Amino acid sequence: MATSFHELTKEEKAHVVGKMPDTTKLDKNTKAELEKAIKYPLVDLDAKIRSLTINMGDCGQNHYFAVRALNTPGDATEYGKKAQLVGQQYFGLNRFFPEFLDIADIEVWAVFQNGNWDLHTWNQHGEHLVCNFSGTGKLVTGYLNVNGQYLGPEETLSFVHGMRRRENGNFGRVNDQRMLQYTLSQLEKGQQPLERRLRRLQDLRMTDSTGKQSYILRCKDPKYAKMEALDRKKWETKLRLLRKNPDDLADNDDVGPHGDPKEIKKFYFDNKIMDLVNTKNPSYDKVECYVKLDRECFTRFGFTLSQMHLVNWPQLVSYAAIYEAPPAVESPNKSLIGRVIQALGA
Amino acid sequence: MIARIGSPMPYVSRQLFGGKGKNLLEIGEEFSVPEGFVVSSEEYVKFFLTNNLRGVIQQILRDHKAPEDIESRAKEAFAQARFPSNIEDVLFRELEILQEQAAKTNDPQAVRSSAIDEDGSINSFAGQHDTFFGKLTEQTMLEYVKLCYASAFNSVALKYREEHKLGIPTGMAVVIQNMKEFETGFVVYTAAPFDYENLIIEAAPGHCKSVVDGRPVDSFRVNIRDKNKIISKINKNKSMQWQYDHQEGKLKLVPTPSHFVDKPSLSPEQIAKITEVVLDIESCYALGFPKDRKPQDLEGGFDYKGKLWITQSRDITGMSYKAPDIVLPKLTTIIGQSQNVGNTGVYDGPIVVITDVDPNGTTFTLKDGQEIRSLDSKFTTGYVLVTPETNPTLDSYIKNCKAIIATECGIMSHAGATARERGLIFIGCVESTDHKQLQDKLDHGDIVCVGANKEKGVIGYR
């Protein structure tokens, strides 16, 4: 029986490792905080989800709803001896936690040293594949991907601080779920909800700028909660067809909460995504355009162009600070990478 | 990108929203922060690139060496530049929403700079970038945003950058908020210096500028385990306060209402409310709380309806909680003392006396007609600075200073922040032992001894 688990390809692993932040430049306190922050989903959130889902089915069947491993924890020799790369994903979180109302997925990638992580298979079908540990070890580096968005160390801390704030506060109550449900049903019936309620939905990234349901909202849909691992893998296998040629994705393929394949393909063709992601030396304008489309792609379809096409451009944006990029009039066609290299004096 | 304060923000980037903007967006999700929005540094970059300001600024930096000249030329350059029309449209729409909310309470707005490297745990840039107040129109908003951008090149900020080896400014976000009028403003450190057991509140009537810029303040030390255990020190000379003047459209020093002059500026209930909220805020930032603390420096106030607002939150900059035990020096004459202590240490040296600080500008009046710019060249090995209060420009004049004695303001003022970041001995709210003005008793060049440990600071003669 197939499971939701995909082992990383060589290219995917290189993409993941390439995004790891350099934590050696962080001060001691920040590094200690980052370690706690990265462990927050892997330990604290994980335990909460397991306790919530324990009664949803037999052992080995329940965690398709919210947790899965992203790789077999292991080999990260580029970070020294006894270093393991660990990847785990938490999805559809807004179904379980009011404080996660605007959060669909959290992906954790971390390198731990001297820990003991393994891929856990709890039943005879090899299902319930999650990363378990008998000791976490010490964090070497790591990052979170929240709603498809890469978070560097500082944003990771901001995210975990935010979760603590929401857990202790009244975030779930303020965003009364019934009110949201009512507003959505009004939209479905073609009625006009109050302006402030529509704004709230948009603030929660539950609708896109045109008022259509976003991936985050679709993730709250109970029908996806009942999907099994097999389906999750099937959706992703279909989506991976986009890597080579969007035409390979058939109009009637089922991609679950990712939406309608016809719309995905239209998005690709209208925005010439393949040309964009295959650009070798992107200009500043192209990177800016890419970042915008990357966000839109997640909001509408629940995956990012970075994840799908293993592009690391957004990391360059932070280098493209105004002093590092020469004025456009001097070299309008110079690539961003070239500008960065020039700025760094290389 | 424009982000509304109070909107759900699962994570926020300092690179995008600057230190102040990031912190306000974070706490605004759960706590009472005046409504507003943050214009991200992306807009600054677009503004910069569209107007080819990089070349202009580089030319200014090449042509001028004096920070004051760079500041004035940069302001001119930014003022002449124009926003791309799509950014203007978004800003106008957000202003309209903000003013709809402000209309109910007749609130003016504040336009506040938020540099991407300010309000961190190492560099505060306290008060060195600009803030503007007033009832905004579309045009004044654009003008103030440009001035905020230009304030990255303020002479005091450039000097601060140079000294802290921070390089040239690379980004600036701007916070635009409705400004609440406070009956009492306060600043809180969720852990007092050298003391995790107590938080400390300094409060004064009016806007919290009264506390930060060093007006006389009341001080409350609250035990975080037993919140009824409060040590209060009430200043009976709170004669003037900062308040927004609706006619002039700016903050102004006005007489304090008589019932506040010699009475506590906070009631026990208000102290309890502040304590509850600020500890809640700190607990979000302290991963592993209560074992690990992450003391926060918060500003806020109570409006005239008694509602608590938080207007700023950041890690406390440069605070040391592990000070060595220092034995205070034996002095033959103690001339002033206080429990309001920043950094500890003992120093013997000549004294420099500031008798008056211009509250609206950047000038300091020194005793005997001394010039503040000449202090560092005159006292090359160090000196003790005695001042009633400060403004942010002080920081750029006191490289050789070894100790600051503040007679009116406390550790939460700019003087306290400057001392902490520079590692200077600081004793605030110093009372003269015979109730005469300390400034009157001391003369320039007198050799005095300053000593401060965790409990107390003294100044006197050996």
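The cavity count comes to seven, each of 30 Å³ or more. These come from a predicted model. The largest cavity has a volume of about 610 Å³. Its lining takes in 32 residues. Five of them lie nearest the centre: A:Leu70, A:Glu107, A:Glu236, A:Arg240 and A:Gln307. The lining is mixed in character, with 14 nonpolar, nine polar and nine charged residues.

Which elements build this lining? Those that give two or more residues are helix H1 (10-18), S1, S4, S7, helix H9 (229-239) and helix H13 (305-309), all of chain A. H9(A) gives the most, with four residues.

Helix H1(A) deserves a second look. Its buried residues include A:Glu12, A:His15, A:Val16 and A:Val17. Where do the buried residues of H1(A) pack? They rest against S3, S4, S7 and H13 of chain A. Of these partners, S4, S7 and H13 also appear among the elements lining the largest cavity.

Now turn to the cores. In soluble globular proteins, nonpolar side chains tend to be buried together. Here the largest nonpolar core holds 37 residues. Those with the most contacts inside this core are A:Ile38, A:Tyr90, A:Leu93, A:Phe100, A:Ile106 and A:Phe159. Several elements of chain A give two or more residues to the core. Two are helices: H2 (28-53) and H3 (153-168). The others are strands S1 (67-69), S3 (83-90), S4 (106-113), S6 (130-135) and S7 (138-146). H2(A) gives the most, with seven residues.

A:Phe100 shows how such a core residue is surrounded. Setting aside residues up to four places away in sequence, A:Phe100 touches A:Tyr40, A:Leu45, A:Leu93, A:Asn94, A:Ile106, A:Phe159 and A:Met163. Three of these, A:Leu93, A:Ile106 and A:Phe159, are also listed with A:Phe100 for the most contacts inside the core.

Chain B comes next. A second, separate core has 36 residues, including B:Phe37, B:Phe83, B:Ala152 and B:Leu158.

Aromatic rings add another layer. Over all chains there are 21 aromatic pairs. One of them joins B:Phe48 and B:Phe78. Their ring centres are 6.1 Å apart, with 55 degrees between the planes, and the pair is tilted. B:Phe48 lies in helix H2 (residues 41-50) of chain B, and B:Phe78 in helix H4 (residues 67-80) of chain B, so the pair ties together parts that are 30 residues apart in sequence. Are these two rings buried or exposed? B:Phe48 is buried, at a relative accessible area of 1%. B:Phe78 is buried too, at 0%.

A further pair is B:Phe186 with B:Phe302. Their centres are 6.1 Å apart and their planes stand at 50 degrees, so this pair is tilted. B:Phe186 sits in strand S6 (residues 182-189) of chain B and B:Phe302 in strand S12 (residues 296-303) of chain B, so this pair ties together parts 116 residues apart in sequence. Both residues are buried.

B:Phe48 and B:Phe78 also belong to one aromatic cluster. The other members are B:Tyr44, B:Phe47, B:Phe83, B:Tyr149 and B:Phe153. B:Phe83 is also in the second core.

The last stop is a loop. B:Asn400 lies between strand S18 (383-387) and strand S19 (401-406) of chain B. What does B:Asn400 contact, leaving aside neighbours within four places in sequence? The partners are B:Asp376, B:Phe379, B:Thr380, B:Gly382 and B:Tyr383. B:Thr380 is 20 residues away along the chain, yet the C-alpha atoms of B:Asn400 and B:Thr380 are separated by 6.2 Å.

Terms used. Residues are numbered from 1 along each chain as its sequence is written. Chains are lettered from A and ligands numbered from 1 in the order in which they are written. This is a predicted model: local features need pLDDT of at least 70, side-chain atom pairs count only at pLDDT 80 or more; totals for chains, interfaces and linings use all residues. Side-chain values use heavy atoms; hydrogens and water are left out. A nonpolar core is a set of buried Ala, Val, Leu, Ile, Met, Phe, Trp, Tyr and Cys residues joined through side-chain atoms within 4.5 Å. Buried means under 20% relative accessible area, exposed over 50%, partly exposed in between (1.4 Å probe, protein chains only). Contact means heavy atoms within 4.5 Å. On a 1 Å grid over the protein atoms alone, a cavity is a set of points where a 1.4 Å probe fits but cannot get out, and a pocket is an open set with protein on both sides within 12 Å along at least five of seven lines; lining residues have an atom within 4 Å of a point. Grid points are joined across faces, edges and corners, and a volume is the space filled by probe spheres set on the points. Ala, Val, Leu, Ile, Met, Phe, Trp, Tyr, Cys and Pro count as nonpolar, Asp, Glu, Lys and Arg as charged, and the others, Gly among them, as polar. Rings of Phe, Tyr and Trp (its six-membered ring) pair if their centres lie within 6.5 Å; planes under 30 degrees apart count as stacked, over 60 as edge-to-face and the rest as tilted.
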